[in-house]
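I'm opening a fresh page for this one. These are my notes, in the order I looked things up.

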Amino acid sequence: MTFIYPVDSNKAHPLPLSPDYKSSIKRAPHKPLIPMRHTLSELTGPVYGHETVREGDNDLTLQHKGEPLGERIIVHGHVFDEDGRGVPNSLVEIWQANACGRYVHVRDQHPAPLDPNFTGAGRTQSDAAGYYRFVTIKPGAYPWGNHHNAWRPAHIHLSVFGHSFVTRLVTQMYFPGDPLFAFDPIFNSVPDEKARMRMVSSFDLDNTQPEWALCYRFDIVLRGKNATPMENT
Amino acid sequence: MQDSVKPNGITPSQTVGPFFKYGLTPNGEYEWNDAFTNSTLTPDVTGERLRIEGKVFDGDGVAIPDCMLEIWQADAQGRFADPQDKRALPNASFRGFARCGTDKDGNYSFDTIKPGVVPDPDGKPQAPHLLVAVFARGMLRHLYTRIYFSDDAGLASDPVLALVPADRRATLIARREAAKPVYRLDLRVQGDEETVFFDV
Ligand SMILES: [Fe+2]
């Protein structure tokens, strides 16, 4: 019935302690994580139906009276598992800064304007093939206090569920060719360069809508189940 | 679509950052609706209703105000609301999942029911427990822990607690307050009384 998720896949993730990212220093465990076999608790996960996602929740440009300022973009792709199978009905939540690099969050102190027509939150559910699609505006880069003259490359935050509680993923999608990549300790907390580049979307000219919006493709790859089914319990 | 090639690996995790609240846990403070609350309770749910609460601390013992916890648990009969659990009861509206952002003092709370017994891979019973995923600014990937119940008779024979050094088990066990169905457990992400986290 259920399957085993290889723990090795987790090697693509950042190490908890990445000292260049200063906030990680006091928020990373010092003791080693305790290995254990996955039980039914780990192998199952929440299932959410269409009632969680309302019509239009995947279009961040239509949530207010007017249209937000900035470059309108389509962000789409598939939620896959590691074996290339589309993950159907997966809840994908996003949040992001506005075109000026300002979040609506009360604690964002960046002196850039808020946009009354942009909140920056959206959600959708992948379809039967794992496909998802958002319409939004391209977020701006923003400064932060990690080190002198620190700027985050433009990014969209994503939260994805998948088939089980151990496939849970929170990540950030970046835009191709950003000159800030080399200087960002969060982006560079992923040690393997190939893995790092899997967080970068690709420009998708074919799905750009002429006279209306540019398009970026971002496939999200969650941990996969290997082929050894567990016994039915 | 054309891209059905096998991917080269998973998408790496990145921190939830400091600004997730308006997207993931707006709770009436932002112009966005909550997909989830800190309660798993539904009108028809059966089982012992209880509250779990506590604080989350960093390595300096400072409360973490920008942390998000998610719980996943079985129902009172030990079944998961997931079709992958072939034993699942098809008619219950109980979902078994909840999400809570910590407040400015690092407090979290969940309203839920005590889960039933879930078997381990050998069919041995596990004591009732919740799985917990911990997200925060400064955490590049979320951490996984568990919450057990101090007054449960099955703790001594739980196969997962048995993997944990005896002097650290208390970090996984919420203590019942006298006479109230309220359990308390603080999480410490680093330090002497560091919470046990699992490599799953
Ligand atoms: Fe951000």
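**Entry 1: two residues to begin with.** I started with Tyr103(A) and His157(A), and both turn out to be buried. A reminder to myself before going on: this is a predicted model.

**Entry 2: the iron site.** Which residues hold the iron ion? I found Tyr103(A) and Tyr142(A), each giving its OH, plus His155(A) and His157(A), each giving its NE2, at 1.9 to 2.2 Å. Written as a sequence pattern, the donor residues read Y-x38-Y-x12-H-x1-H. Tyr103(A) and His157(A) tie together distant parts of the chain, 54 residues apart. I placed Tyr103(A) in the loop between strand 3 (91–96) and strand 4 (121–125) of chain A, while His157(A) belongs to strand 8 (residues 155–160) of chain A.

Next I checked the geometry. The angles subtended by the four donor atoms run from 92 to 161°, so the arrangement around the iron ion is irregular. For a tetrahedral label, all angles would have to lie between 85 and 135 degrees.

**Entry 3: what the record says.** I looked up UniProt, where an unreviewed entry lists "domain: Intradiol ring-cleavage dioxygenases" at residues 75–103 of chain A. In the model, that span is 0% helix and 45% strand, with its end C-alpha atoms 19 Å apart. For chain B, UniProt puts the feature "domain: Intradiol ring-cleavage dioxygenases" (unreviewed entry) at residues 52–80. There I noted 0% helix and 41% strand, and 20 Å between the end C-alpha atoms.

**Entry 4: cysteines.** How many disulfides does the structure hold over all chains? I got zero. Cys67(B) is in no disulfide, and the nearest cysteine sulfur, on Cys100(B), is 8.9 Å away. The cut-off for a disulfide is 2.5 Å between the sulfur atoms. Is Cys67(B) buried or exposed? Its relative accessibility is 0%, so I wrote it down as buried. I also looked at Cys215(A), which is buried with a relative accessible area of 0%.

**Entry 5: empty space inside.** I counted four cavities of 30 Å³ or more in the structure. The largest has a volume of about 60 Å³. Which residues line the largest cavity? From chain A, I listed His13(A), Val166(A), Thr167(A), Arg168(A), Leu169(A), Val221(A), Leu222(A) and Arg223(A). From chain B, I added Ile10(B), Thr11(B) and Arg141(B).

**Entry 6: a loop residue in chain A.** Ile186(A) caught my eye in the loop between strand 9 (169–174) and helix 2 (193–197) of chain A. Its relative accessible area is 3%, so Ile186(A) is buried. I then looked at Pro14(A): it is 172 residues from Ile186(A) in sequence, yet the two C-alpha atoms are 8.8 Å apart in space.

**Entry 7: two asparagines with positive phi.** Asn89(A) has a positive phi of about 55°, although it isn't a glycine. I found Asn89(A) in the loop between strand 2 (72–81) and strand 3 of chain A. With 45% relative accessibility, Asn89(A) counts as partly exposed.

Over in chain B, Asn27(B) isn't a glycine either, and its phi is positive at about 50°. Asn27(B) sits in the loop between helix 1 (21–24) and strand 1 (49–57) of chain B. I put Asn27(B) down as exposed because its relative accessible area is 56%, and the cut-off for exposed is over 50%.

Definitions and conventions. Residues numbered from 1 in each chain as written. Chains lettered and ligands numbered in written order. Predicted model: local features only at pLDDT ≥ 70, side-chain atom pairs only at ≥ 80, totals over all residues. Heavy atoms only, no water. UniProt positions renumbered as here; feature names shortened; annotations may be inferred. Helix = DSSP H or I, 4+ residues; strand = E, 2+ residues; numbered from the N terminus. Donors = N, O, S within 2.8 Å, 3.2 Å for Na, K, Ca; no water. Tetrahedral: all angles 85-135°; square planar, octahedral: opposite > 155°, others 65-115°. Buried < 20%, exposed > 50% of the residue type's maximum accessible area, 1.4 Å probe, protein only. 1 Å grid on protein atoms, 1.4 Å probe; cavity = no way out; pocket = protein on both sides within 12 Å on 5 of 7 lines; lining within 4 Å. Points joined across faces, edges and corners; volume = space filled by probe spheres on them.
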